[in-house]
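Thanks for coming. I will take a few places in the structure one after another, and you can follow along on the screen.

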Amino acid sequence: MDFFLQQLTNGLAVGSIYALIALGYTMVYGVLKLINFAHGDLFAIGAYLGLTLLTAFGLTRFLGPLGVVIVLALMVMGLVAVVGAVLERVAYRPLRQAHRLSAVVSAMGASIFFQNALMLIYGARYKVYPHDILPKNVVSLLGVEVPLVRLLVLLTSVLMMVALYLFIQKTRIGTAIRAAAIDQRAAKLMGINVDRVIMIVFLIGPALGGAAGLMVGLYYGQINFTMGWMYGLKAFTAAILGGIGNIPGAMVGGLLLGVIEAMGAAYLSIAWKDAITFIVLIAILIVRPTGLLGERVAEKV
Amino acid sequence: MKDYRPVVYAAFCVLLLLAPFFLNAYWVDVLNNVGLYAILGLSLNIILGHAGLFHMGHAAFYAMGAYTTAIINTTYQIPVLWLMPISGLVAGVLALVIARPIIHLRGDYLLIVTIGLVEITRIALVNNIFGITGGSNGIFGISRPEIFGFRIRRPEHFFFLIWGFAAVTVFLFHRLENSRFGRALNYLREDETAAEGSGINTAHYKLIAFVVGAVWAGMAGNIFAAKMTIIAPESFNFWESVILFMIVLLGGRGSIPGVILGAFLIAGLPELFRQFASARMLIFGAIMIAMMIFRTEGILPPRPRRYPAPASGGGEGAS
């Protein structure tokens with residue numbers, strides 16, 4: 001039972017990180033029907049920016065651990081959001097009217113560009129986060145000792161997701177985003193500035209991705225320039241699992257994927273971990289072809 | 001406007017044929033890789049370009065062909081080129097079994113499943129499934145191919161083997177494109193519902209497209225195994241599938257000259273940038289974005305199909 005709960009909390013923590021990244025995929029997909037293959041690399045940029053900002057200003061001297069993390073998260077989210085918006089303007093907007101696969105190639109080009117830019121700036125080796133920022137405490141949960149950091153990761157992600165959900169459901173901008181996702185042309189006719197909506201989506205998605213990157217850096221302690229691919233693929237899987245284009249779907253998909261992965265590694269085989277994840281995904285898609293929460297829509301190409 | 005294409009194609013073929021006599025072994029080897037990517041790109045083109053199925057797991061079938069060749073060759077010493085049909089067959093049968101339950105998935109859902117397929121294949125190979133794939137070290141000691149007692153071992157020799165096979169591929173796929181089968185694929189790509197309504201069994205055609213592509217990738221895997229003599233799971237990772245995907249889209253979906261040009265750009269261009277050393281992939285990524293912005297349908301998109309207007313009726317029907 002102890003082992004099970006450890007794996008469960010670990011899976012939920014990793015899964016909540018996947019969910020944060022998956023939200024970026026799913027929001028962009030919802031509005032543009034584009035798989036933003038560069039999104040994983042925006043996440044990696046977040047992780048590296050976090051490291052740079054942390055060491056550059058010596059934040060730890062002025063603020064307590066909580067303050068450092070909050071200031072850092074805000075800076076990283078802001079910067080990555082700007083990168084995301086620039087990416088949209090340069091690589092995706094000119095292709096808005098083209099076939100959707102054309103934009104996919106542009107996205108892959110952007111991904112290669114970002115990945116190599118990170119490698120040129122920071123070098124190909126693993127980078128290590130300072131490990132004295134977050135407390136090392138363990139918390140007793142149902143009689144199980146769980147690291148505090150793990151709970152903080154989970155809690156922060158859930159808070160961000162709830163905030164996003166409320167933003168999308170309750171505000172005017174959120175309503176505009178939902179309208180543009182359902183029918184862009186009708187939204188335009190209703191006076192919604194769709195270009196601005198897309199820009200906002202490309203600010204929010206990368207900001208969440210950047211925050212996830214920072215969390216991975218703080219939680220695991222080391223980062224690498226290729227991590228964007230790996231996490232990006234997992235998060236994309238999570239978005240599909242929940243039903244791409246569906247915001248609660250991305251959250252559910254991410255958490256579920258993290259738990260499946262942790263359980264697969266713990267009880268079946270570590271070497272086959274990723275294969276198990278994909279087999280479960282394929283099995284779910286065979287039964288529910290549009291994901292867990294995806295709507296049945298007739299696809300129009 | 002006069003149609004210069006036959007002249008351009010002929011000039012390209014002559015230049016390519018003469019290339020191994022002027023280039024050094026390194027560049028001939030680059031051309032060999034381009035040729036292999038061209039064959040793979042053409043086989044993916046049937047699935048992605050013509051049938052419009054988002055298939056990003058083509059490296060899995062490539063791996064199945066290469067491993068079939070490697071395992072049978074090293075265990076039973078059967079000559080490599082004899083194994084080409086068997087490699088194709090194994091890849092094709094596996095494609096049939098795998099694709100049957102997933103073929104009805106739409107667009108991006110199919111995409112992630114095929115990505116999963118390539119990852120599962122790679123992990124199975126790394127974990128030495130059934131104890132025959134040699135784990136992460138792979139399989140070595142695959143023998144060189146022979147044709148009528150002539151042993152193919154130098155890059156120049158492989159050049160003619162690979163591009164000869166590419167020429168056969170181009171011929172056959174060109175015929176396929178203009179057949180009833182090719183037209184049916186294009187119809188279901190453009191409008192699946194309408195195709196279904198016109199009596200085209202869409203699931204059946206999609207499945208055949210998948211299997212044809214997989215058979216060809218399996219045969220390309222055979223040549224790859226013969227050329228390398230060592231194969232390892234890392235040659236068939238997700239990135240390889242992405243490269244093939246990009247070749248088809250960058251060159252032009254559904255266009256044979258486009259796909260070959262795509263193979264030259266994706267497999268050849270990074271070699272030309274060697275002087276920029278570590279920045280070459282950075283430049284490559286930027287160029288990819290630029291190319292898609294300026295040629296959104298790919299660099300050489302296919303020309304629309306043309307049919308002679310019916311002779312009778314006259315008047316307005318003349319084209």
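A:Ile121 sits in helix H4 of chain A, which covers residues 100–122. I should say at once that this is a predicted model. Is A:Ile121 buried or exposed? A:Ile121 counts as exposed, because its relative accessibility is 62% and the cut-off for exposed is over 50%. Along the sequence, A:Ile121 and A:Phe225 are 104 residues apart, yet their C-alpha atoms are 10.0 Å apart in space.

Staying in chain A, please look at A:Lys33. This residue is in the loop between helix H1 (2–32) and helix H2 (39–57). Its phi is near 55°, which is a positive value in a residue other than glycine. As background, most residues other than glycine have a negative phi. A:Lys33 is partly exposed, with a relative accessible area of 38%.

Chain B has a residue to set beside that one. B:Thr229 also has a positive phi, near 60°, and is not a glycine. B:Thr229 is found in the loop between helix H9 (202–228) and strand E4 (230–231) of chain B. Its relative accessibility is 17%, so B:Thr229 counts as buried.

In helix H9 of chain B we find B:Lys227. How accessible is B:Lys227? The value is 10%, so this lysine counts as buried. Its side chain makes a polar contact with the side chain of B:Asn33, at 3.1 Å. Beyond the residues up to four places away in sequence, B:Lys227 touches B:Asp29, B:Asn32, B:Asn33, B:Leu36, B:Arg144, B:Phe158 and B:Ile162.

Now to the nonpolar core. In soluble globular proteins, nonpolar side chains tend to be buried together. The largest nonpolar core here has 209 residues. Those with the most contacts inside this core are A:Leu23, A:Met108, B:Met56, B:Phe61, B:Leu111, B:Ile231 and B:Phe245. Which helix gives the most to this core? That is helix H8 of chain A, residues 194–220, with 16 residues.

Take B:Phe245 from that list. Leaving out residues up to four places away in sequence, B:Phe245 touches A:Leu101, A:Val104 and A:Met108 in chain A, and B:Leu44, B:Leu48, B:His55, B:Met56 and B:Leu111 in chain B.

B:Phe61, another name from the core list, is also a contact of B:Leu117, along with B:Ala60 and B:Ile98, once neighbours within four places in sequence are set aside. B:Leu117 lies in helix H5 of chain B, residues 107–126. With 11% relative accessibility, B:Leu117 counts as buried. B:Leu117 and B:Leu18 are 99 residues apart along the chain, and their C-alpha atoms are separated by 40 Å.

Next is a glycine. B:Gly41 lies in helix H2 of chain B, residues 25–50. Its relative accessibility is 0%, so B:Gly41 counts as buried. Not counting neighbours within four places in sequence, B:Gly41 is in contact with B:Leu244, B:Ile247, B:Val248 and B:Val259. B:Gly41 and B:Leu249 are 208 residues apart in sequence and 9.7 Å apart in space, C-alpha to C-alpha.

On to the empty space. Rolling a probe the size of a water molecule over the atoms shows where such space is left. The second largest pocket holds about 1,300 Å³. Of the 36 residues that line this pocket, the closest to its centre are B:Tyr9, B:Val170, B:Ser255, B:Ile256 and B:Pro257. Four helices of chain B each supply at least two lining residues: H1 (5–22), H6 (155–177), H7 (180–190) and H11 (256–272). Which of them provides the largest share? H6 of chain B does, with 9 residues. By type, the lining divides into 22 nonpolar, 7 polar and 7 charged residues.

B:Ser255, one of the residues closest to the pocket centre, leads to the last stop. B:Arg303 and B:Ser255 are 48 residues apart in sequence, with 8.0 Å between their C-alpha atoms. B:Arg303 is placed in the segment after helix H12 (280–294) of chain B. With a relative accessible area of 49%, B:Arg303 is partly exposed. Apart from neighbours within four places in sequence, B:Arg303 is in contact with B:Asp3 and B:Arg5.

That is the end of the tour.

Methods: Residues numbered from 1 in each chain as written. Chains lettered and ligands numbered in written order. Predicted model: local features only at pLDDT ≥ 70, side-chain atom pairs only at ≥ 80, totals over all residues. Heavy atoms only, no water. Core = buried A, V, L, I, M, F, W, Y, C linked by side-chain atoms within 4.5 Å. Buried < 20%, exposed > 50% of the residue type's maximum accessible area, 1.4 Å probe, protein only. Contact = heavy atoms within 4.5 Å. 1 Å grid on protein atoms, 1.4 Å probe; cavity = no way out; pocket = protein on both sides within 12 Å on 5 of 7 lines; lining within 4 Å. Points joined across faces, edges and corners; volume = space filled by probe spheres on them. Nonpolar A, V, L, I, M, F, W, Y, C, P; charged D, E, K, R; others polar. Polar contact = N/O pair within 3.5 Å; in protein donor to acceptor, adjacent residues only side chain to side chain.
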